[in-house]
Amino acid sequence: MGTLYIHELKRLMRTILLWSIIVGVFGILCIVMYKSMESEITGIADSFSSMGAFSDAFGLSTLSMATITGYFATEVGTIHGLGIGLFAATLATTILSKEEDLHTGEFLFSFPVSRTQIVTSKIFAVVSGLLIFTIICAALYEVGFLISGDSIDMELLIKFYGMQLVLGIEIASICFIISSMSRTNKLGMGMGVGLCFYFFDLMARVIPDFKDYIGFGPYSYANASEIFANGEVEIKYISIGIVFIILSVVSTYVIYNRKDLAS
Amino acid sequence: MDNIIEIKSLTKSYGKKRGVTDVNLEVKEGEIYGFLGPNGAGKSTTIRSMLGFLKFNEGSIKILGMDSVKNRNKILKEIGYMPSEAQFYQDMRVSEVIKFASDMRGVDCKEEAKRLCERLSVDTSKKIRELSLGNRKKVSIVCAMQHKPKLFIFDEPTSGLDPLVQSEFFELIHEYVKEGSTCLLSTHVLSEVKNHCEEVTIMKEGKVLVTDTVDNLTRNNAKRIRVTTDGKIQEYLYDGDINELLLKLQASRIEDLTIEEASIEDIFMHYYSKEN
């Protein structure tokens with residue numbers, strides 16, 4: 001199983017590095033831009049914080065963009081959240097189906113490894129990919145802080161990265177189901193899952209009445225502005241997230257073990 | 001001799017689409033067994049059910065004395081499988097694919113892999129995406145043979161291979177079989193069955209048409225008749241009483257008559273036309 005895990009991770013590495021560097025460099029640019037905008041940003045922050053539901057949706061009513069913490073949460077937090085969500089969908093939606101899609105299935109399935117072992121190796125490879133993405137991005141953001149000379153409370157940063165990682169795992173776990181059911185590349189569907197969760201969360205924040213119906217997705221507990229404003233995570237939403245992950249992963253194993261494998 | 005493969009009443013359907021129905025097959029230890037039929041006859045479905053890629057609906061499959069569903073991993077350790085589509089990971093080098101295949105089996109096959117690559121002239125430094133179908137097939141042969149399995153399953157192995165490599169490939173099979181391996185050769189090339197197999201099963205539309213030794217099939221009563229009467233040439237297979245045939249032929253003026261043993265090609269076509 002170790003061989004397959006390493007093989008998968010190697011195959012994913014180029015994608016992992018590409019996504020990590022793009023999102024990480026965006027983060028650096030945002031952090032460095034803060035320094036150059038610092039003098040004008042107070043006025044912008046005041047007007048952004050008084051825009052009612054819009055301010056609530058982006059956390060601008062609780063955090064001031066005039067501080068590096070507030071600026072990081074609203075700017076880098078949004079980019080990182082969307083980045084890890086779409087990246088997770090990209091990896092997970094194709095991880096199982098690509099063997100049948102690219103006709104390498106018969107080569108892989110002819111080895112003495114069970115389908116359970118194949119799924120486990122591939123899930124571990126995706127989770128490792130998300131972890132590497134988080135580490136590279138975090139390291140690049142630190143480079144940004146070093147350049148700008150600013151800093152953010154490390155405990156809050158670790159909490160933010162941790163929640164974003166769980167967010168990535170939750171989106172990936174749902175995309176594993178798509179991957180286990182399909183024989184062709186369903187990347188668009190996986191990306192759609194990630195974007196749906198993001199927009200549902202946005203709508204639930206703009207229209208509070210929607211909160212109970214669509215505001216339970218991964219972006220509900222991994223929202224940067226909430227984490228950086230009060231350092232707390234909503235246990236209710238993260239519990240729902242963990243249940244989602246468990247159910248999705250179990251479903252993936254069941255579906256993949258039962259299906260007929262195409263060549 | 002023990003049966004290495006024992007398939008009983010195998011049925012597999014793809015929803016409304018036909019798969020295979022009531023397939024029975026026995027392959028004895030140490031033989032090269034032909035599995036013959038045109039494309040779509042159900043050969044690959046049978047093989048893919050044997051390897052656990054497909055969940056079959058009815059019947060049982062025993063390989064090396066073990067149940068194919070319960071002991072899939074144990075069985076696959078002892079099998080060298082070459083699929084009809086020799087596809088590998090495009091961005092890997094040939095050497096990496098061969099090493100990956102041996103690592104996945106947890107065995108060190110370096111020496112055997114090197115020997116096979118030399119015999120088949122495989123360039124291990126090339127990337128998979130640079131290879132032609134024939135060269136990919138050669139890599140597939142190395143991956144299937146390098147761990148010296150007890151059972152080979154080849155699904156249309158020679159398509160895309162040049163005649164020299166084909167001959168080397170069959171030479172290798174005979175060498176492994178001499179050392180105790182068994183081989184199931186699925187093909188639609190009749191000459192391969194005739195030249196290399198002892199026994200054969202002919203499939204058609206998901207069902208077994210006939211199972212017999214190649215010798216028996218070619219030595220049965222069926223004769224190839226070529227007769228010229230009144231300037232007309234007629235050619236057909238005849239498996240009835242030869243005296244009755246001669247009586248019938250006497251009714252017209254025979255200019256030329258040839259009666260010869262039917263070839264495997266004739267037998268194959270004979271069974272197909274009979275069914276139709």
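**Close-up 1. B:Lys12 sits in a strand and reaches across to chain A.** In this predicted model, you'll find B:Lys12 in strand 1 of chain B, which covers residues 3-14. Its side chain meets the side chain of A:Asp260 in a salt bridge, with N and O 2.5 Å apart. The pair crosses between chains: A:Asp260 belongs to the segment after helix 12 of chain A, while B:Lys12 belongs to strand 1 of chain B. Are these two residues buried or exposed? Both A:Asp260 and B:Lys12 are buried. For B:Lys12 the relative accessibility is just 4%, and buried means under 20%, so the label fits. Leaving out residues up to four places away in sequence, B:Lys12 touches A:Asp260 and also several residues of chain B, including B:Gly19, B:Val20, B:Thr45 and B:Phe56.

**Close-up 2. Here is where chain A and chain B meet.** On this interface, 26 residues of chain A are in contact with 25 residues of chain B. How much area do the two chains bury between them? The figure is about 2400 Å², with 58% of it on carbon and sulfur atoms. Look for A:Glu106, A:Phe107 and A:Pro112: they supply 29% of the area that chain A buries against chain B, more than any other three residues. The count of salt bridges between the two chains is two, and there are 14 residue pairs in polar contact across the interface. On the side of chain A that touches chain B, the elements giving two or more residues are helix 1 (2-49), helix 5 (105-109), helix 6 (115-148) and helix 12 (235-258).

**Close-up 3. A:Ser248 is tucked into helix 12 of chain A.** This serine is found in helix 12. It counts as buried because its relative accessibility is 4%. Not counting residues up to four places away in sequence, A:Ser248 touches A:Ser173, A:Ile174 and A:Ile177.

**Close-up 4. A nonpolar patch shows up on the surface of chain A.** Which residues make this patch? They are A:Phe200, A:Met203, A:Val206, A:Ile207 and A:Phe210, and the patch comes to about 380 Å². Pick out A:Ile207, which lies in the loop between helix 8 (187-206) and helix 9 (211-214) of chain A. With a relative accessibility of 36%, A:Ile207 counts as partly exposed.

**Close-up 5. B:Glu156 has a positive phi and a salt-bridge partner.** You can spot B:Glu156 in the loop between strand 7 (151-155) and helix 6 (163-178) of chain B. Its phi is near 45°, a positive value in a residue other than glycine. Why point that out? Most residues other than glycine have a negative phi. B:Glu156 forms a salt bridge with B:Lys43, and the closest N and O atoms are 3.4 Å apart. That pair links distant parts of the chain, since B:Lys43 is in helix 1 (residues 43-50) of chain B, 113 residues apart from B:Glu156. Both partners are buried, and B:Glu156 has a relative accessible area of 15%.

**Close-up 6. B:Asp22 and B:Lys28 share strand 2 of chain B.** B:Asp22 sits in strand 2, residues 17-28. Like the glutamate in the previous view, B:Asp22 isn't a glycine, yet its phi is positive, at about 50°. B:Asp22 is partly exposed, with a relative accessible area of 43%. B:Lys28, also in strand 2, pairs with B:Glu199 in strand 9 (residues 199-204), 171 residues apart. Their side chains meet in a salt bridge at 3.8 Å, N to O. Which partner is buried and which is partly exposed? B:Glu199 counts as buried at 14% relative accessibility, whereas B:Lys28 counts as partly exposed at 31%.

**Close-up 7. B:Ala144 is buried in helix 5 of chain B.** This alanine is found in helix 5, residues 133-145. At 1% relative accessibility, B:Ala144 counts as buried. Its contacts, leaving aside residues up to four places away in sequence, are B:Gly80, B:Tyr81, B:Met82, B:Pro149, B:Phe152 and B:Phe154. What about B:Tyr33, 111 residues apart from B:Ala144 along the chain? The C-alpha atoms of these two are separated by 17 Å.

Technical notes. Residues are numbered from 1 along each chain as its sequence is written. Chains are lettered from A and ligands numbered from 1 in the order in which they are written. This is a predicted model: local features need pLDDT of at least 70, side-chain atom pairs count only at pLDDT 80 or more; totals for chains, interfaces and linings use all residues. Side-chain values use heavy atoms; hydrogens and water are left out. Patches are made of residues with over 30% relative accessible area and no salt bridge: like charges are joined within 9 Å, nonpolar side chains (Val, Leu, Ile, Met, Phe, Trp, Tyr) within 5 Å. Accessible areas come from the Shrake-Rupley method with a 1.4 Å probe; for residues, only the protein chains shown count as cover. A salt bridge is a side-chain nitrogen of Lys or Arg within 4 Å of a carboxyl oxygen of Asp or Glu. Helices (H or I, at least four residues) and strands (E, at least two) are DSSP runs, numbered from the N terminus. Buried means under 20% relative accessible area, exposed over 50%, partly exposed in between (1.4 Å probe, protein chains only). Contact means heavy atoms within 4.5 Å. Buried area is the accessible area (1.4 Å probe) that two parts lose on being put together, summed over both. A polar contact is a pair of N or O atoms within 3.5 Å; within protein, one must be able to donate a hydrogen and the other to accept it, and residues adjacent in sequence count only if both atoms are side-chain atoms.
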